[in-house]
There are 2 protein chains.
Amino acid sequence: QGLLLGQEFPNFEADSSQGKIVWHDYINEKWAILFSHPADFTPVCTTELGTAAQLAPEFAKRNVVMAALSVDSAESHKAWIKDIIAHKELGGDDIPYPILADEKRDLAVKFGMLDPDEKDGTGMPVTARAVFIIGPDKKLKLSILYPATTGRNFDEILRVVDSLQLTAYQSVATPANWNVKGGASTVGGGSTDNTDCMVVPSISDDEAKEKFKKGFTKAELPSGKGYIRYTPDPRSAM
Amino acid sequence: QGLLLGQEFPNFEADSSQGKIVWHDYINEKWAILFSHPADFTPVCTTELGTAAQLAPEFAKRNVVMAALSVDSAESHKAWIKDIIAHKELGGDDIPYPILADEKRDLAVKFGMLDPDEKDGTGMPVTARAVFIIGPDKKLKLSILYPATTGRNFDEILRVVDSLQLTAYQSVATPANWNVKGGASTVGGGSTDNTDCMVVPSISDDEAKEKFKKGFTKAELPSGKGYIRYTPDPRSAM
């Protein structure tokens with residue numbers, strides 16, 4: 001019931017709107033997002049899968065493959081995709097990622113994706129709005145679980161992908177409400193630039209001086225511990 | 001391991017920065033947010049708990065009580081709170097919610113909040129950045145699980161609280177990227193106003209006409225199924 005961070009995301013085979021998918025082959029050595037929805041031909045899901053299709057070029061740029069999943073059949077997914085394309089005016093005759101068919105609920109049960117509050121016509125629970133973000137090491141990096149009534153925020157999903165990818169390769173972490181694109185935060189205090197990162201505690205000041213060519217700013221604190229150190233995104237232009 | 005949507009959030013007792021907390025008494029008949037952080041006196045956590053303190057009036061307005069949690073002691077929490085207040089210039093001598101002490105990791109294990117990738121000085125795993133949103137019925141409504149390196153977005157947490165509370169009492173659901181405050185979405189198509197809701201599928205057109213005095217707009221779809229129906233937030237002024 002439910003996967004924990006750091007666990008390897010298990011391999012599986014599933015039929016999909018784009019044919020048979022072997023999960024570990026599909027994600028290969030890329031980042032991956034697996035996200036489930038309650039049912040085909042329902043309103044919120046249509047806006048979500050359409051929004052995901054619109055953002056697919058952003059995810060592709062970040063080396064992220066995507067797959068959706070619900071307890072409907074591959075045939076149902078294919079018919080529903082026509083509605084998604086029409087509603088979001090996407091053009092073409094497919095969306096840029098497969099929708100997996102989990103008719104027997106094997107995957108939904110295994111990965112803790114079911115929403116007991118939402119049932120289909122036969123009284124069986126359907127999938128919630130789960131999102132799993134998986135690293136190139138196939139381990140679970142982040143998960144969210146929203147109910148059927150609350151459509152996801154794909155801008156937030158892009159934001160956390162940016163954070164995961166930045167912090168996987170640099171000795172920084174990203175503060176509350178950080179955004180690689182910047183933008184005003186609703187609350188002030190601390191860093192004035194939403195794009196600033198924080199030096200991780202395992203790095204000493206001397207190491208940080210060496211590592212972060214743009215320098216860092218250390219906050220004065222009552223504890224006298226110098227653990228709050230802001231630094232610009234180390235990947236950005238000087 | 002890991003709680004599923006719809007499960008009752010178990011009762012527990014814990015020491016905290018504000019004394020002993022009995023969870024079900026503390027949440028009483030309100031909405032509740034329980035959120036964990038890896039460790040006191042660390043950078044991202046300081047920005048997060050400070051941001052949560054800044055947004056506490058917004059949560060209070062929504063009848064939501066908050067509590068933080070980590071594997072540090074109540075004494076450690078109290079000392080660290082001084083840093084949080086100083087860093088975010090909050091004023092006063094406490095933050096507006098308790099930080100629970102889970103030194104033996106009982107709660108962290110029970111609720112699937114541990115992050116095996118992050119260990120403390122003794123090699124024990126610490127808490128991840130989990131968020132549980134619990135309804136007045138004490139059932140789990142929504143959860144997120146972010147790793148230590150990725151600070152949470154408290155604007156997103158406010159957004160989903162707004163959605164959960166709206167959809168709990170009205171026959172609507174909220175589409176992808178919906179926000180009660182509106183604001184431009186990064187991607188177009190579908191509804192042009194981010195604040196529009198969707199009529200849930202269990203309501204017929206006739207019932208919807210009766211129920212939603214502001215009317216609704218039905219989208220034309222290739223399937224000919226009329227399941228995409230946008231309506232203004234039913235609570236907003238006409």
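These legends describe close-up views of a predicted two-chain model. Residues are numbered from 1 along each chain as its sequence is written, and chains are lettered from A in the order in which they are written. Local features need pLDDT of at least 70, side-chain atom pairs count only at pLDDT 80 or more, totals for chains, interfaces and linings use all residues, and side-chain values use heavy atoms, without hydrogens or water.

**View 1. Helix α3 of chain A and its cover.** Helices (H or I, at least four residues) and strands (E, at least two) are DSSP runs, numbered from the N terminus. Helix α3(A) covers residues 74-87, 14 residues in total. Its end C-alpha atoms lie 20 Å apart, which agrees with the 20 Å expected at 1.5 Å a residue; the expected span is 1.5 Å times one less than the number of residues. Buried residues (under 20% relative accessible area, with exposed over 50% and partly exposed in between; 1.4 Å probe, protein chains only) in α3(A) include A:A74, A:H77, A:W80, A:I81, A:I84 and A:H87. An α-helix has 3.6 residues a turn, so residues three or four places apart point the same way. Among the elements covering the buried residues of α3(A) are β1 (13-16), α2 (43-61), β4 (64-70) and β5 (99-101) of chain A, and β13 (229-231) of chain B. A:E89 follows the helix, with a positive phi near 50°.

**View 2. The axis between chains A and B.** A turn of 180° and a shift of 0.0 Å along the axis lay chain B on chain A with an RMSD of 0.0 Å. That is the relation of a two-fold axis. The superposition is by least squares on the C-alpha atoms of residues with pLDDT of at least 70 in both copies. Both copies use the same surface: 99% of the contact residues of chain B recur in chain A. Contact means heavy atoms within 4.5 Å. In chain B, the C-alpha of B:I144 comes closest to the rotation axis, at 2.1 Å.

**View 3. Cysteines without partners.** The structure holds zero disulfides (pairs of cysteine sulfur atoms within 2.5 Å) over all chains. For B:C45, the nearest cysteine sulfur is that of A:C197, 16 Å away. B:C45 counts as buried, at 1% relative accessibility. The sulfur of B:C197 is 16 Å from that of A:C45, too far for a bond. B:C197 is buried too, at 0%.

**View 4. A lysine in strand β9.** A:K141 is found in β9 (residues 140-146) of chain A. At 18% relative accessibility, A:K141 counts as buried. Not counting residues up to four places away in sequence, its contacts include A:L5, A:W31, A:L164 and, across the chains, B:P147. A:Q7 is 134 residues from A:K141 in sequence, yet 8.5 Å away in space, C-alpha to C-alpha.
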